[in-house]
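Reader: I'd like to go through this one with you, cysteines to begin with and packing after that. Could you put it up?

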Amino acid sequence: MASEKTEKKKKTKKTEGDSSSGSGKTKKRAQRATSNVFSMFDQRQVQEFKEAFTLIDQDRDGFISKEDLAGMFDSLGRVPKDDELNEMVGEAPAPINFTMFLTLFGERFSGSDPEDAILNAFKLFDPENSGAVDCKQLKELVQCIGDRFNSKEVEQLFASAPVTKGKFDYKAYTHTLTHGEEELETN
């Protein structure tokens, strides 16, 4: 009888030991992996960010500096002000290596709305559900309601917008906004 109790205690301790040491560590590893900045993007996106990082890192030292940004803008035919460059570099809490670069973009993307939410917002102003909104109406709406756009922001919106016959194609715009231009072209 005493040996049965001893046997049960051994089995119980062995089972408890197995569950706490084995699965407990696995859980912690899984939790840590999800906080990894690389898990925020799929492999294709990480590769695209790597290509962009390489283009911006003009001196190829593995860090994006103010001088790298100035060189990149210069290659695009734009001469930014020193304050503008300082502001860009200052957005990062540490030197901008590739991981920090991904982190900065991850923070920006994490606040972006999913495609359905954006489409539903546009649909409020499209009673016929045509997929397009009158450009004049949209311009008035973005300048008068909610987070009001200034004239420069309105210009930027319509510069890249798919507009046909005075209608803003919000379905195509939303798709481009959430998936990028390349995916729209291949679909």
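Reader: How many disulfides does the count come to?

Author: Quick caveat: this is a predicted model, where local features need pLDDT of at least 70, side-chain atom pairs count only at pLDDT 80 or more, and totals for chains, interfaces and linings use all residues. Residues are numbered from 1 along each chain as its sequence is written, and side-chain values use heavy atoms, leaving out hydrogens and water. A disulfide here is a pair of cysteine sulfur atoms within 2.5 Å. By that rule, the count is zero.

Reader: Is Cys 135 buried or exposed?

Author: Buried means under 20% relative accessible area, exposed over 50%, and partly exposed in between (1.4 Å probe, protein chains only). Cys 135 has 14% relative accessibility, so it counts as buried.

Reader: Which helix gives the largest share of the largest nonpolar core?

Author: A nonpolar core is a set of buried Ala, Val, Leu, Ile, Met, Phe, Trp, Tyr and Cys residues joined through side-chain atoms within 4.5 Å. The largest has 18 residues, with Ile 64, Ile 96, Phe 98 and Phe 101 touching the most other members. Helices (DSSP H or I runs of at least four residues, numbered from the N terminus) giving two or more residues to this core are helix 2 (43–56), helix 3 (66–75) and helix 5 (98–110). The largest share, five residues, comes from helix 5.

Reader: Where do the buried residues of helix 6 fall, seen down its axis?

Author: In helix 6 (residues 115–123), the buried residues are Ile 118, Leu 119 and Phe 122. Taking directions from the helix axis to the C-beta atoms, they fall within an arc of 95°, so they line one face of the helix.
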